[in-house]
Amino acid sequence: MTSLERKVDNNELERWTFGINTNQLVELVLEGKKTATTYLYEDDEKYKENDISILTDINGNDVCLIQTKKIIITTFKNITWDLAILEGENNSLDDWRTEHYNFFKKRRMDQQLHTPFYIPM
């Protein structure tokens, strides 16, 4: 048994899923169309480059292993199309900004418009 298999068996890996459109976004990951995600940065972020985590579906079932290859911390206004397109969800930067602004506003972004975003890729 490899050390990764041991970590999976012993529940040592972080399990997570998406905040909205869970199954649709999981499907984009499995198709290789979604290779990045964003969320509000917290000072105590536990993810690090090369970390491995488990993506789950809406029911909490393990779907696949995810390796964080790169982390980019930036502000919302500095997200470029080159970054946004990696999420595989939108057809333009304007669409990405509108959708993500509305999502994060519900989760307190309105108080933190300049809060850095954490983008594991």
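Me: Which strand is T56 found in?
Reply: First, a heads-up that this is a predicted model: local features need pLDDT of at least 70, side-chain atom pairs count only at pLDDT 80 or more, and totals for chains, interfaces and linings use all residues. Residues are numbered from 1 along each chain as its sequence is written, and side-chain values use heavy atoms, with hydrogens and water left out. Helices (H or I, at least four residues) and strands (E, at least two) are DSSP runs, numbered from the N terminus. With that naming, T56 sits in strand β3.

Me: And is T56 buried or exposed?
Reply: Buried means under 20% relative accessible area, exposed means over 50%, and partly exposed is in between (1.4 Å probe, protein chains only). T56 has a relative accessible area of 7%. That is under the 20% cut-off, so T56 counts as buried.

Me: Which residues does T56 touch, leaving aside those up to four places away in sequence?
Reply: A contact means heavy atoms within 4.5 Å. Going by that, the list for T56 is R15, W16, T17, T22, V26, N61, D62 and V63.

Me: How many residues of β3 are buried?
Reply: T56 is one buried residue in the strand. β3 is largely enclosed by the rest of the structure, because the buried count among its five residues is four.

Me: In what order do the three strands of the open sheet lie?
Reply: Strands count as paired if DSSP finds at least two bridges between them. β1 and β3 run parallel, with two bridges joining them, while β3 and β4 run antiparallel, joined by five. That makes the pairing mixed, and the order is β1-β3-β4.

Me: Why is one side of β1 and one side of β4 left without a neighbour in the sheet?
Reply: In general, strands of a sheet pair through backbone hydrogen bonds, either parallel or antiparallel. Here, β1 (15-16) and β4 (62-67) stand at the edges of the sheet. One side of each goes without a neighbour because each has a single partner strand.

Me: Which residue is the bridge partner of R15 in β3?
Reply: The bridges here join β1 to β3, residues 52-56. W16 has L55 as its partner. For R15, the partner is I54.

Me: What angle does helix α2 make with β4?
Reply: Helix α2 (residues 22-30) packs on the sheet and touches β3 and β4. Axes are lines fitted to C-alpha atoms, for helices over the stretch in contact, and angles run from 0 to 180 degrees between N-to-C directions. For α2 and β4, the angle is about 55 degrees.

Me: Which residue takes a positive phi in the hairpin of β3 and β4?
Reply: This hairpin has five residues between the strands. The positive phi is near 85 degrees, and the residue is G60.

Me: Which residue does D62 meet in a salt bridge?
Reply: A salt bridge is a side-chain nitrogen of Lys or Arg within 4 Å of a carboxyl oxygen of Asp or Glu. D62 is in strand β4, and its partner is in strand β1, 47 residues apart. D62 is partly exposed at 41% relative accessibility, and the partner is partly exposed at 30%. The N to O distance is 2.8 Å, and the partner is R15.

Me: Which residues are joined into one network by salt bridges that share partners?
Reply: E87 pairs with K34, the closest N and O atoms being 3.1 Å apart, and K34 also meets E89 at 2.7 Å. K34 lies in the loop between α2 and β2, and E89 in the loop between α3 and α4, 55 residues apart. K34 is buried at 5% relative accessibility, whereas E89 is partly exposed at 23%. Because the bridges share partners, the network consists of K34, E87 and E89.

Me: How many helices and strands does the chain have?
Reply: From the N terminus on, the elements run α-β-α-β-β-β-β-α-α-β. Along that run, the chain has four helices and six strands.

Me: What share of the 121 residues is buried?
Reply: We have met some buried residues already, including T56 and E87. Across the chain, the buried share is 36%.
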